[in-house]
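User: I've got a model open and would like to talk through its side-chain pairs and helix packing. Can you take me through it?

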Amino acid sequence: MLENVFFFTRQLERLFENEYYKNQLIHSSGSASLNFGEAQGTISDKNFVFKVSLVVKELKESRNSLKILDYIKEGDDSKRNKLLIEVEQLIAISSKMIINKR
């Protein structure tokens, strides 16, 4: 998802509100990616669940930024909708991983 976010955000018009949500989106999607990498290296199930819980939190923040950009119709519609679908799928997958480890 992170690489798609970079390409999407590079095309946003340089307006104050776009810059704010663009930065939020880059931050939260990057954090989700890095936390998932950390989760893969955990030793215990408890640590895995904690890290993947952080992934879900960051993915939800990404989703919120994308929904705001969708509401104000910023960025390419097709790319934005693909990102929204992808983030929903990643939230579902990550949530299922947590359930399976508990």
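User: Which residue forms a salt bridge with Lys57?

Analyst: Quick background: this is a predicted model, where local features need pLDDT of at least 70, side-chain atom pairs count only at pLDDT 80 or more, and totals for chains, interfaces and linings use all residues. Residues are numbered from 1 along each chain as its sequence is written, and side-chain values use heavy atoms, with hydrogens and water left out. A salt bridge here means a side-chain nitrogen of Lys or Arg within 4 Å of a carboxyl oxygen of Asp or Glu. For Lys57 the closest N and O atoms are 2.8 Å apart, and the partner is Glu61.

User: Why are Lys57 and Glu61 separated by about one helical turn?

Analyst: Both sit in helix H3, which covers residues 45–71. Helices are DSSP runs (H or I, at least four residues), numbered from the N terminus. Lys57 and Glu61 are about one turn apart because their spacing in H3 is 4 residues.

User: Is Lys57 buried or exposed, or something in between?

Analyst: The cut-offs are under 20% relative accessible area for buried and over 50% for exposed, with partly exposed in between (1.4 Å probe, protein chains only). Glu61 comes out at 30%, so that one is partly exposed. Lys57 has 40% relative accessibility, so the verdict is partly exposed.

User: Which residue is linked with Lys57 and Glu61 in a network of salt bridges?

Analyst: Lys57 and Glu61 already pair up with each other. The network has one further member, Glu58.

User: How many residues apart in sequence are the parts that Glu38 and Lys51 tie together?

Analyst: Their side chains meet in a salt bridge, 2.5 Å from N to O. Glu38 lies in helix H2 (residues 16–40) and Lys51 in H3, so the pair ties together parts separated in sequence by 13 residues.

User: Which side of the cut-offs is Lys51 on, buried or exposed?

Analyst: Its partner Glu38 counts as partly exposed, at 42% relative accessibility. Lys51 has a relative accessible area of 19%, so it is buried.

User: Which helices does the pair Arg80 and Asp70 tie together?

Analyst: The two side chains meet in a salt bridge, with N to O at 2.8 Å. The pair bridges parts that are 10 residues apart in sequence, because Arg80 lies in helix H4 and Asp70 in helix H3.

User: What is the relative accessibility of Arg80?

Analyst: Asp70 counts as partly exposed at 22%. Arg80 counts as buried, and its relative accessibility is 1%.

User: How many salt bridges does the count come to?

Analyst: Among them are Glu38 with Lys51 and Arg80 with Asp70. By the rule above, the count comes to 8.

User: Is H1 roughly parallel or antiparallel to H4?

Analyst: H1 (residues 2–10) and H4 pack with their axes 10 Å apart, at an angle of about 155 degrees. That angle makes H1, relative to H4, roughly antiparallel (angles over 145 degrees count as such, under 35 as roughly parallel, 65 to 115 as roughly perpendicular and the rest as oblique).

User: Where is Lys73, and what is its phi near?

Analyst: Lys73 is found in the loop between H3 and H4. At 57% relative accessibility, Lys73 counts as exposed. Its phi is positive, in a residue other than glycine, and is near 60 degrees.

User: What separates the C-alpha atoms of Arg102 and Val49?

Analyst: Arg102 is found in the segment after H4 and counts as exposed at 72% relative accessibility. Arg102 and Val49 are 53 residues apart along the chain, and their C-alpha atoms are separated by 7.7 Å.

Key:
Helix = DSSP H or I, 4+ residues; strand = E, 2+ residues; numbered from the N terminus. Axes fitted to C-alpha atoms, helices over the stretch in contact; angles between N-to-C directions.
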